[in-house]
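Got the viewer open? Let's walk through this one stop by stop, selecting as we go.

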Amino acid sequence: MPGTLAPIRSAYRRVIRVMGTVVSLDIRSEGDWIAAADEVEAWLREAEARFSMFRPDSEMWRVATHVVPLDDAHPDIREVLRLCEDVRDASGGRFDATRHRPDGLLDPTGLVKGWAIDRAEVILRDAGARSFALNAGGDLLVRGGRGTGQPWRVGIRHPRIADRLACVIALAEGAVATSGGYERGDHIADPAGDERWREVLSVTLSAAHLATADAYATAAFAMGRDGARWLAMQPGVEACVVTADDRLITTSGLPRLG
Amino acid sequence: MPSASNGPAVPVTSPSPGASATASAEPSATPATLVLTGDAVDVGYGLVQVQVTVQDGAITDVVALQLPSGDRHSDRINAAAEPILREEALTAQSAAIDLVSGATYTSMGYAMSLQSALDGLADPAA
């Protein structure tokens with residue numbers, strides 16, 4: 001790795017394989033965090049079991065296939081689907097859980113992971129952790145700085161070179177989500193079908209919560225170059241977009257380190 | 001919204017001393033960049049003066065040089081009708097970081113990711 005790794009003093013670290021990706025937990029507050037991490041891990045597995053669209057026995061699958069009526073579904077499912085509708089409306093349909101799959105089944109997967117991480121944050125805070133980061137496959141949430149009164153240094157991956165960065169931002173608290181075509185090229189969400197996403201390589205944004213940050217990144221990616229402008233108009237959102245012609249577009253309030 | 005047409009403005013070819021306030025640290029700024037400084041205007045409760053950066057005919061930055069508190073500010077005026085975006089050439093950086101945001105990787109992709117290096121793990125499952 002080209003000089004990218006700083007010495008890191010974590011009080012506790014755990015890597016959890018769940019939801020088809022890997023969640024990295026990094027707690028900087030001093031203390032014994034094994035029980036809290038166990039609780040986070042159990043919660044993420046519970047959310048995966050409830051929401052998986054890869055398991056025909058999941059409750060979300062049964063709701064999507066109308067085996068279980070929405071009104072009878074678990075409150076978490078109704079909450080996630082409400083959030084999906086909010087982002088669909090805010091994005092003019094560029095994020096649309098009803099139009100993500102070729103088979104037309106309702107699929108909130110694009111929002112569930114971030115939403116589950118937001119809940120995991122509450123678990124950690126309730127356990128007394130003040131300074132921690134959760135990174136769910138590249139979509140992340142940080143709280144309380146990195147433990148020395150300093151903000152977390154969040155690298156934004158270079159879309160063409162996996163071990164390089166397009167830019168670095170400083171964030172004490174908040175969520176950062178990136179959507180791009182370079183990791184899961186077959187999972188491009190393009191409800192409008194106009195392939196505007198080809199104009200950009202990746203879209204990254206910071207916001208207060210990860211559930212909506214993740215979904216907004218997905219929506220902005222589908223907008224292509226116009227995604228940067230759209231994100232800049234969202235309250236509480238800062239963004240950086242890498243275009244297919246190797247330009248970096250950033251909002252003026254993005255707290256950049258490099 | 002304040003704009004260059006809102007009264008006398010002084011066009012300055014970039015780079016200029018004023019341009020440094022825009023932090024558009026692109027050394028190869030295109031010649032089409034203009035930094036326009038408006039007159040200080042009394043808005044009733046104090047003076048307002050703004051500096052506008054125009055690139056290829058589009059406003060790319062607005063900086064308040066004076067706001068009614070009387071101090072010199074570098075606050076961006078976010079109420080501008082056009083969102084303020086900066087554009088530069090993409091670079092491939094290495095820097096000290098704590099974690100990495102990127103398009104969602106699979107468990108397999110994780111093994112190849114900077115985040116896995118940061119987590120300090122060899123990845124036996126990959």
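Begin with strands β9 (residues 238-243) and β10 (residues 247-251) of chain A: the two run antiparallel and are joined by three bridges. For one of the contacts, click Val241(A), whose bridge partner in β10(A) is Ile249(A). Keep in mind as you go that this is a predicted model.

Now widen the selection to the sheet these strands belong to. How many strands does the open sheet have, and in what order? There are nine, running β1(A)-β2(A)-β3(A)-β4(A)-β7(A)-β8(A)-β9(A)-β10(A)-β6(B), with antiparallel pairing. Note the chain letter on that last one: β6 (85-89) comes from chain B, and together with β1 (12-18) of chain A it is an edge strand, pairing on one side only. Look along the sheet and you can follow a twist that averages 10° from one strand to the next.

Next, show the helices that sit on the sheet. Select residues 34-51 of chain A to get helix α1, which lies across β1 and β2 (21-27) of chain A and runs at about 15° to β1(A). Then add helix α4 (residues 109-126) of chain A, which touches β2, β3 (132-136) and β4 (139-143) of chain A. The direction of α4(A) makes about 160° with that of β3(A).

Time for helix α5(A). This helix has 13 residues and reaches 18 Å from first C-alpha to last, close to the 18 Å expected. Is it buried or exposed? Of its 13 residues, 12 are buried, so α5(A) is largely enclosed by the rest of the structure. Among the buried ones are Leu210(A), Asp214(A), Thr218(A) and Phe221(A). To see what covers them, turn on chain A elements including α3 (75-90), α4, β7 (174-180) and α6. Just after the helix, check Gly224(A), which has a positive phi near 70°.

Last, the rings. Over all chains, the structure holds five aromatic pairs. Select Tyr216(A) and Trp230(A): they are stacked, 5.1 Å centre to centre with 15° between the planes. Tyr216(A) sits in helix α5 (residues 210-222) and Trp230(A) in helix α6 (residues 226-232), 14 residues apart. Tyr216(A) is buried at 15% relative accessible area, and Trp230(A) is buried at 11%.

Hop over to chain B for Tyr105(B) and Tyr110(B), whose ring centres are 5.8 Å apart with planes at 45°, so this pair is tilted. Both of these tyrosines, Tyr105(B) and Tyr110(B), are buried. Finish back in chain A, where Trp43(A), Phe51(A) and Trp115(A) form one aromatic cluster.

Technical notes:
Residues numbered from 1 in each chain as written. Chains lettered and ligands numbered in written order. Predicted model: local features only at pLDDT ≥ 70, side-chain atom pairs only at ≥ 80, totals over all residues. Heavy atoms only, no water. Pairing = 2+ DSSP bridges. Helix = DSSP H or I, 4+ residues; strand = E, 2+ residues; numbered from the N terminus. Axes fitted to C-alpha atoms, helices over the stretch in contact; angles between N-to-C directions. Contact = heavy atoms within 4.5 Å. Phe/Tyr/Trp six-rings, centres within 6.5 Å; stacked < 30°, edge-to-face > 60°. Buried < 20%, exposed > 50% of the residue type's maximum accessible area, 1.4 Å probe, protein only. Expected span 1.5 Å × (residues − 1).
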